[in-house]
Amino acid sequence: TIRTGLPSADGGRPAFDDTGPVVLNDRPPGVSFSGGVILPRESEGKVPVTTVNVEKLEVRVLRVGDRLLSQLSQGLVDQNSLYSYDSENIENQMGALVWKGTMAVEGAKNATVTTLIPLHDAIKDKKAGVYLVLAKDAAAEKNIEQEWQGTAAQWVIDTDIGLTSFQGGDGLHIFARSLAGASPLTGVEIALVAQNNEELARVRTDDNGGVHFNAELMKGKGGNQPVVVMADSGSGDLAYLGL
C-alpha cells in the first residue's frame, strides 16, 4: 500500500491510499566461485562455492600437469566460469579427470549459501600441478542455453610456496616464501618457461629465497617469450606465476 501523502521523485503526493498486489519471485538458481587460486597446503583444503536455490551440486575436479602450465593462457586461468568446450579441451588434451561426485547444499530458500568443497578429502593422491574445480546445479537440465552460460570454475593450486616478482632494467627477480610462516624458502628450484614449453633457465633460491633472471632472457620473442615461472621444492610442492 502506498500511503496518502507519500512524496514522489517529482514532488507529487497521492491524495488517497493506493493498494495493489506485489509478487517477489524466487531468485534463479546459481552457482559461483569467488576467485583466487592459492590453497595453502597447511589449511584444511576446502574450496568455497556460493549457491542460490541449489539443493545438490555436481562437482568435477581436473588436474593439469606442471609441464603444461605454460600452455594455459592467463585469461583462461583468471575466469570463474568456463564454457563446456573449454573444460572439455582441458580434460581431453591438457589434463585429466581426477574426481567427480555430488554434494548436498543446505540453506534457506532464496538465501546466498557458501558451501566448502573438501578438496583434500576428494583427492587422496595429490600430485604436483594445478587443479580445476567445476561445479554446477545437479538438478539443472542440460540444454543449449546452459551450455552458453558456462559452468562455475575455480583454479586451485595446493602449495606452501608463495611467489613474488619484481621486474626492472636488470631483468626479473623472484622471491619464494612460505605461506604458512612467511619465512624465505632456500633451495627451491625456480624455472623460467617459454611459450613453446622450453626452459629458458633454472636457478635455486638463495638464503633470501630469491633468484634473478637477466634482462636478455626476458626479451624472447614468439615461442621463446617467457610466459610462466615455476617453483619446485623437490618434495612435490609446486607453485607458478604467470607472466
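Visitor: Why is Arg-202 called partly exposed?
Guide: In this predicted model, the relative accessible area of Arg-202 is 39%; since buried means under 20%, exposed over 50% and partly exposed in between (1.4 Å probe, protein chains only), Arg-202 counts as partly exposed. Residues are numbered from 1 along each chain as its sequence is written, and side-chain values use heavy atoms, with hydrogens and water left out. Local features need a pLDDT of at least 70 and side-chain atom pairs count only at pLDDT 80 or more, whereas totals for chains, interfaces and linings use all residues.

Visitor: What makes the meeting of Glu-199 and Arg-202 a salt bridge?
Guide: The side chains of Glu-199 and Arg-202 come to 2.5 Å, N to O, and the term asks for a side-chain nitrogen of Lys or Arg within 4 Å of a carboxyl oxygen of Asp or Glu, so the pair qualifies. Glu-199, at 33% relative accessibility, is partly exposed. Salt bridges with shared partners join Glu-199 and Arg-202 with Glu-189 and Arg-204 into one network.

Visitor: How do you know that Glu-189 and Arg-204 belong to parts that are apart in sequence?
Guide: Their side chains meet in a salt bridge of 2.9 Å, N to O, and Glu-189 lies in strand 12 while Arg-204 lies in strand 13, so the pair ties together parts that are 15 residues apart in sequence. Glu-189 is partly exposed, with a relative accessible area of 23%, whereas Arg-204, at 52%, counts as exposed.

Visitor: How many salt bridges does a search of the whole structure find?
Guide: The search finds seven. One of them joins Arg-3 to Asp-17, whose closest N and O atoms are 3.1 Å apart; both residues lie in the segment before strand 1, 14 residues apart. Arg-3 is exposed at 55% relative accessible area, whereas Asp-17 is partly exposed at 37%.

Visitor: Why is the pair of Phe-166 and Phe-175 called edge-to-face?
Guide: The structure holds one aromatic pair, and the rings of Phe-166 and Phe-175 have their centres 6.2 Å apart with their planes at 75°. Rings of Phe, Tyr and Trp (its six-membered ring) pair if their centres lie within 6.5 Å, and planes under 30 degrees apart count as stacked, over 60 as edge-to-face and the rest as tilted, so this pair is edge-to-face. Phe-175 itself has 29% relative accessibility and is therefore partly exposed.

Visitor: Why are strand 1 and strand 7 said to stand at the edges?
Guide: Strands 1, 3 and 7 form an open, antiparallel sheet in the order 1-3-7; strand 1 (30-32) and strand 7 (112-118) each have a single partner strand, so one side of each is left without a neighbour in the sheet. Strands are DSSP runs (E, at least two residues), numbered from the N terminus, and two of them pair if DSSP finds at least two bridges between them. Strand 3 (residues 46-52) is joined to strand 7 by seven bridges, and Val-52 has Thr-112 in strand 7 as its bridge partner.

Visitor: Which strands are the edge strands of the sheet ordered 13-12-15-16?
Guide: In this open sheet of four strands with antiparallel pairing, strand 13 (199-204) and strand 16 (238-242) each pair on one side only. Within it, strand 12 (residues 189-194) and strand 15 (residues 226-232) pair over six bridges, and Ala-191 has Met-230 in strand 15 as its bridge partner.

Visitor: What makes strand 8 mostly covered?
Guide: Seven of the eight residues of strand 8 (residues 130-137) are buried. Strand 8 is joined antiparallel to strand 4 (residues 56-64) by eight bridges, with Val-61 opposite Val-133 and Arg-63 paired with Tyr-131. Strand 8 also pairs with strand 9 (residues 151-159), antiparallel over five bridges, where Leu-134 stands opposite Ala-153. Strand 4 is in turn joined to strand 6 (residues 95-104) by nine bridges, again antiparallel, and Leu-62 has Leu-97 as its bridge partner in strand 6.

Visitor: Why does Ser-178 count as buried?
Guide: Ser-178, in strand 11 (residues 171-178), has 10% relative accessibility and therefore counts as buried. Leaving aside neighbours within four places in sequence, Ser-178 is in contact (heavy atoms within 4.5 Å) with Asp-160, Ser-183 and Leu-185.

Visitor: Which element has the lowest mean pLDDT and which the highest?
Guide: On this confidence scale, given by the predictor for each residue from 0 to 100, helix 4 (residues 144-149) has the lowest mean among the elements, 55, and strand 14 (residues 210-214) the highest, 97. The mean for the protein is 85, and 87% of its residues reach 70 or more.
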